[in-house]
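Grab a pencil and work through these exercises one at a time. Try each task yourself before you read its solution.

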Amino acid sequence: MARETRTAFARDTGLQTRMLLTMFLLGLLYAAFVGALLYAGVGAVLMVVIVGGLALAQLFTSDKLALASVGAKEVTPAQAPGLHALIERLCIQADLPKPKICVADTPVPNAFAMGRSQKKAVVCATTGLMNTLSPSELEGVMAHELSHVKNRDVLVMTVASFFATIASMISQFGLFFGGGFGGGGGDDEDGGLPFLAIILISFIVYAISFVLILALSRYREFSADRGAALVTGRPSALSSALVKIQNQMEHTPQQDLRAAGNMNAFFIVPTSVKSAVQTVFSTHPAMEKRLARLQQLEQQLQGTAV
Amino acid sequence: MGFLDALLGGKKKLKAPAPDRLFAMTTAQVAFETSLGLKHRDVAGIVFQPLATADFNSIVTETNDLLRGAAEDTGTTVESADDEFGYRWMILRDVDFDDLVVSLNLVSTQLQGSGYGDRILAAVFVFEESGKRVYFIYNFKRGAYYPFVPVGRQERDTEHELRLMAQVGTELPLEQEIDRRLPLWEIPL
């Protein structure tokens, strides 16, 4: 059988390059940080073991915690037949095993995906989302979430956050104990960095990695939008869903927004609309940019791209 | 999917169809009828996502014309139906089971040849076992078959399906992962 000769969508090499660069910079930063720690001769091994354990615990429990924090419950096919049928078809199309399907009973229209692997994946939609969107728009949003599953975004983001977590923990230790366990001994004289310097480094590391992780998160969002367009073949349906969700959120009471605030990184559209304007510090790309990319995809699909 | 794909946010294309094992049904059907008492119905379908583009529409029209042209030899009739999930079905009817498989293959090769192979969801065969409807779904991306026995609204008879899997044995390339034997509700066949 002949291999596929053409595809409806072109590659986005620019996006991939930027993503790779971000990850490279993150890695470089961590390497420098670990080097500094070792040079200073702090109990680095012990610290990494402890924090590593915490990171693993986070990886294995984050889905349950996240689901619990938004009050999401798993639904059977009998309880949500439409949602199940829609996701089942997308799974055939995206070549994924069927994930667990949850619904959160809140008027805020949103959706997220969780789980460290494709087999353990959970996708969640809110009742607000299902009431607001048309079937093809809902399909676009769920395809976006399934793309996160396919791209293993939860795993990637957890690993990316791991070192930033180490850095922030050391900073906090430093603030609480004021260098109490670093000084006093003779070790410092063997060319080790003073404890204050380590705290300073960890602060800087955390600050930079924070911005980089956010950038990575935004790139993954673009990727998931693209994946959704690919799986459904309807980029414009996702566009119109994003616009609807955005509009709906601006008219939703502030209390609901705050309650969902800590879940931002995993939602399809961040709930704090105001902060989303400051692009560098948001987990999601600006809405106009996402719509512009989807528009590009639609043009490629229609064969009218310039 | 490779490590780099995971790192860079996934493949930029959907998975291409697996090597074609559609024709395995032609021989399996004979065994179905003689040893399992599974009687085929004179209908089969192929379901795909219609893209709202001029190019895609012209391919579909072309495929329809080809099928109608071939119908003079085979006697296969074809009709299209859009389901409530926005997918399009091409429903083929023929008393000759082999002709049904050939016509299904014509549709899939036509779409694959024009670069739209990744839009095909599945092919569906309909059988009857002591008055009960039994479907065999062929997932093009996996190159594998699995039985699907719906009962009532979005419920499936898993026991019956597992029994069929065991009975069919090596006659067909079967889907081995249970969470990939995804149902297709409201099959218009």
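Accessible areas here come from the Shrake-Rupley method with a 1.4 Å probe, and for residues only the protein chains shown count as cover. This is a predicted model, where local features need pLDDT of at least 70, side-chain atom pairs count only at pLDDT 80 or more, and totals for chains, interfaces and linings use all residues. Residues are numbered from 1 along each chain as its sequence is written, chains are lettered from A and ligands numbered from 1 in the order in which they are written, and side-chain values use heavy atoms, with hydrogens and water left out.

**Exercise 1. Describe chain A as a whole.**

Step 1: start with the surface. The accessible surface of chain A comes to about 14,200 Å², and 65% of that belongs to carbon and sulfur atoms.

Step 2: look at burial (buried means under 20% relative accessible area, exposed over 50%, partly exposed in between, with a 1.4 Å probe and protein chains only). Chain A has 306 residues, and 52% of them count as buried.

Step 3: list the elements. Helices (H or I, at least four residues) and strands (E, at least two) are DSSP runs, numbered from the N terminus. Chain A has 10 helices and 4 strands, and their order from the N terminus is α-α-β-α-β-β-β-α-α-α-α-α-α-α.

Step 4: check the contacts (heavy atoms within 4.5 Å). Take the contacts in chain A between residues at least 6 apart in sequence: 72% of them join residues at least 24 apart.

**Exercise 2. Check the span of helix α4 of chain B, then work out how it is covered.**

Step 1: the expected span of a helix is 1.5 Å times one less than its number of residues. Helix α4 of chain B (residues 97-113) has 17 residues, so it should span 24 Å, and its end C-alpha atoms are indeed 24 Å apart.

Step 2: count the buried residues. In α4(B), 12 of the 17 residues are buried, which makes the helix mostly covered. Among them are F97(B), L100(B), V101(B), L104(B) and L111(B).

Step 3: find the partners. The buried residues of α4(B) pack against α2 (24-36), β1 (39-48), α3 (54-74), β3 (88-93) and β4 (120-129) of chain B.

Step 4: inspect the ends. At the N-terminal end, D96(B) acts as a cap, with a side-chain oxygen 3.0 Å from the backbone nitrogen of D98(B). After the helix comes G115(B), with a positive phi near 90°.

**Exercise 3. Do the same check for helix α5 of chain A.**

Step 1: this helix (residues 135-150) has 16 residues and reaches 22 Å from its first C-alpha to its last, close to the 22 Å expected.

Step 2: α5(A) is mostly covered, since 13 of its 16 residues are buried.

Step 3: R152(A) follows α5(A), and its phi is positive, near 55°.

**Exercise 4. Which residues does H160(B) touch, not counting those up to four places away in sequence?**

Step 1: place the residue. H160(B) sits in helix α5 of chain B. Its relative accessible area is 4%, so H160(B) is buried.

Step 2: name the neighbours. Beyond four places in sequence, H160(B) touches E129(B), K132(B), V134(B) and V149(B).

Step 3: look for a polar contact (a pair of N or O atoms within 3.5 Å; within protein, one must be able to donate a hydrogen and the other to accept it, and residues adjacent in sequence count only if both atoms are side-chain atoms). The side chains of H160(B) and E129(B) are joined by one of 2.5 Å.

**Exercise 5. Is R290(A) buried or exposed?**

Step 1: find R290(A) in helix α10 (residues 287-302) of chain A.

Step 2: compare with the cut-off. The relative accessibility of R290(A) is 1%, so this residue counts as buried.

Step 3: see what R290(A) pairs with. A polar contact of 2.8 Å links its side chain to that of D225(A).

**Exercise 6. Where does S130(B) lie, and what is its phi?**

Step 1: S130(B) is in the loop between β4 and β5 (132-139) of chain B.

Step 2: although S130(B) is not a glycine, its phi is positive, about 40°.

Step 3: with a relative accessible area of 76%, S130(B) is exposed.
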